[in-house]
Every structure is written in C-alpha cells, then in structure tokens.
Amino acid sequence: MTMKMINKSFSCVAFFSMLIVTPATADVTWMELLEAPDDVALNRQFISERVKAGDLPSALSAVERLINLRPADIQLRLLRAEFLVSLGNDTLAIGEIQALSQLPMAKDQAMRLDELRTVIEARAQRWRTFASTSIGLTGSDNANSYPSSGLLEFRGTGATENSTSTYESFGGAEKTIREIATLASVSVASTYEFANQDRDSVSIGASHSMSHGRKYEYLTNSSSTVFAGANLRLGKVTLSPNLRVSETLAKTAADTNTTSGGVSVNYAIPGNLQSYAAANYNIINKVSSATFTTADQNDGHSRIYRAGVSRRIEDRFTIFAEVNRSTFNPTETRRTPGTNAFLQLMANASTTNGGTVGLTVSPSQFSRVTASLASSKTKYPNLEPTSQKFRQDSQTRMSLGFQVSGAAFSDRLGGMTFGINASTTKNDSNIMQYDYKRSDVSMTLSYQIAE
C-alpha cells in the first residue's frame, strides 16, 4: 500500500458524499434528525456537513439510516465502506466489501472496491517502507545575498562617524551573483503502525540531498539527515513528536551540524477550522576550518514556536495563516568575554516575530497551486561590532508554488510529482550590509515508491 492510495481513500469519502448532497441553507441539528429520521434530503445534508467538519462517525450514522431506507443503493453502501475504512474499522468494512462484490456495479465502482480491499490488506502489514527520489534545477538572482546598497557600514572608533566601503562577499565578489544549480535527493523511511483504531505510528528514516552550482559555488552544498518521529492520536488531538540530526557541507559557507527536536499538535476546532501548534529546539554547531577560521562563533541554539489555522472552502480552496516566534542564543563559551571575538559572537543573538497568510487552490484532483506572503521583524539586543549599531531587520517573502501528480496523465505515474516554486525575498535592515533582495526559483521531479 502507498500513501497515495491511503490519501485517495480519504479524499474519496468527500467525493462520494458530494454525490448524495442536497444543497441547504442552514446546518442540520441532531434534534431535526430525531424528529425526521427518514427524511432523505435531511440526512444527505447532514452527511455533507459532517464530512466537511471531519466528523466521520456522525456522517456514517446518517449513511446507515439511508441504507435502511434504500438497501439496494450500491452508491450508499460503497460510501459506507469508504467511511469504515477511513475510520479504521476494517472488520465491518471487509463484510461490506464482500457483500458488494456479489452485486452488479459500474466499472469505476468495482475499481474503487478493489482499491479499498488493497488498503485493508496492506494495513495488516505493520511495517511499511517508503522511498522517494527527486531531481531538478534551482536558480537565484542573488545567490551570495549581496546587499542592495553594495556597501559595508562601519565605525572605526566610538568617537568617529559611521563610514562605508565596498562590500565583498565570499571569494571577493563585489556584485550580485546569478547562479543555477542542479538538485538531487533521496529519502528512505520505515513506518510501524500500531494495531489500534487510531492507527498510531512511529517512523525512522534517512535522507541525502545535493546541489551543484553550474558556474559559481554559492548554491553548491550537500546535506545528510537521519530522523525519527511518531503520529499519535489522543482523542481529537493528533500529537507528532520528531527528532532530526543533520550535517550540511557547503562551498561558500562553513559546514554545519544541526540537532533538532520538537513536537506538533493538530486539532479541529469549530467553524470547520484545522489548527496546529508546534515547538522546536535546535542546536547549531558550525565547523571551523582553514577557510572559515571563526565559524564556531556562530554556534548557538534556537527555539521556534508556531501556531496556525486553515480552513477548506468548498472543494477547491483552502486558506491558511500562521504566527511564529523564534529566538537565537549564541554559545557564549566559544569565546573569551571582553574580547572583540566575544562581541561578534554575542551580536548574533536575536528574536524574530513573524506571520504567514496564504491560499491553496486545487484546479483538479491531481494539481495544486499555493500562494503565500510571509513577513517578519528581527531585533538584535547586542551591538553589531562593525557598525556599532543595534541591528533591526524587516523581511517579506512572497511565494508561489505549483504541483501536479503524474496520476493526472496515467494511473501508472501516481507516484510521480512535478513541482515549480518561486519566491522573492526582501530584507530591509538599518545596517547596509544586511539589506538585500533575492528571487529564487526551482523545478523538481519527484517519485515515491512504497513497499
């Protein structure tokens, strides 16, 4: 069984329910159903509303009431099987599927029945292995994050005025560097699914990615990661802890070792809203070398907090919003207090507050377009030694992405995904060398297989 097939199982629940929906102007209440339990139109409306709210058990009860009235309705019984599979009640689902298989039905209904049977059979295998690989291109019009002003701001002594000089990025570049790089990545993960109704699971895996600049080295890097996580359902709350250890090797920046751990919580709230909150803690170690002799003065640990909501509108639109806060605290033991190196180290301390709003549109069952706008403000509580200023940054990022599944062209290409992503970032700082604009674009072709 593949994740694509599982997701298709859930999405078809909404699809089949829409086939029996009767438009209405007000939500149906339990009292209305109790007063008229045999009202077909009322039950259809109730099913649609409960599916959109994510309340499948209540929707299933209405489907079963309709089946009692119309036991020969294959579409209703197939919908019941869909709900049972989605709820993890495989025993009852198998009984319904076996009964349906004895009845004459349309070709698409028979295919859907086979898919549900495959989902149930695959769930009997507690361990599942997923592997994915991708290739692509990425490009930037400012790969070296060269400042918009092209100038370095500095103050020689506390008594002198601020002065400027030409800024030089790594390698002595005195201008914006445009670069295109090839991308390649591979990831393997194994998931163990517990034998409970919530289908709780734990996962372990590893990934490796590479980027190679075609002319310059600013986009050349590689990253290796091992990770572990879990997905646990506690009532209406889904808890997802995670742990990651990664190593990044770069040409124009110091190598970095990062250890991170965190947890996210997802919860459905009234108004057809899906909410989440997440917290992450990261330990960052820069590796000093002959090229980057002071890299370790950028060592530190960060905390990131995020909270957001999303809401589906009809079948094709989803709006979402997020607020976030992050802090970075340098590892003070890397340098001797009172020295200039210590001041450089402490200047990296920062607090960032930001937010994101966006819209996702699904033109078809197999495609998705996402547009978002992110904004943040960062304050640095310690003096930046070169300019002798307290740094403050305001950043905006506009992003646009498009994804299409290979299933749009052939069922055999269901594991393939093509994506295009573009973004424009503008960082406005009160210190010249941190003020820049940058546009990035990437195209990737990914393929996922599962055991």
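In the predicted model, I135 is found in strand β1. This residue belongs to a nonpolar patch on the surface, which also includes L137, I180, F418, I420, V441, M443 and L445. Together, the residues of the patch have about 610 Å² of accessible area. Two or more residues of the patch are supplied by each of the strands β1 (127–140), β15 (416–429) and β16 (436–450). The largest share, three residues, comes from β16.

The interior was examined next. The largest nonpolar core comprises 27 residues, and those with the most contacts inside it are I47, V51, V63, F83, V85, I97 and L116. At least two residues of this core come from each of the helices α3 (40–52), α4 (56–69), α5 (74–86), α6 (90–100) and α7 (107–123). The greatest contribution is that of α5, with eight residues. Another core, of six residues, lies apart from the largest one and has A143, I177, Y218 and L219 among its members.

Backbone geometry was also considered. Most residues other than glycine have a negative phi. E314, which is not a glycine, nevertheless has a positive phi of about 55°. The position of E314 is in the loop between β10 (300–313) and β11 (317–330). With a relative accessible area of 61%, E314 is exposed, because the cut-off for this class is over 50%.

A positive phi also occurs at Q388, a residue other than glycine, where the value is near 60°. Q388 is placed in the loop between β13 (367–384) and β14 (389–405). The relative accessible area of Q388 is 33%, and this residue is therefore partly exposed.

Conventions
Residues numbered from 1 in each chain as written. Predicted model: local features only at pLDDT ≥ 70, side-chain atom pairs only at ≥ 80, totals over all residues. Heavy atoms only, no water. Patch = residues over 30% accessible without salt bridge, like charges linked within 9 Å, V, L, I, M, F, W, Y side chains within 5 Å. Areas by Shrake-Rupley, 256 points an atom, 1.4 Å probe, with all protein chains shown as cover. Salt bridge = Lys/Arg side-chain N within 4 Å of Asp/Glu carboxyl O. Helix = DSSP H or I, 4+ residues; strand = E, 2+ residues; numbered from the N terminus. Core = buried A, V, L, I, M, F, W, Y, C linked by side-chain atoms within 4.5 Å. Buried < 20%, exposed > 50% of the residue type's maximum accessible area, 1.4 Å probe, protein only.
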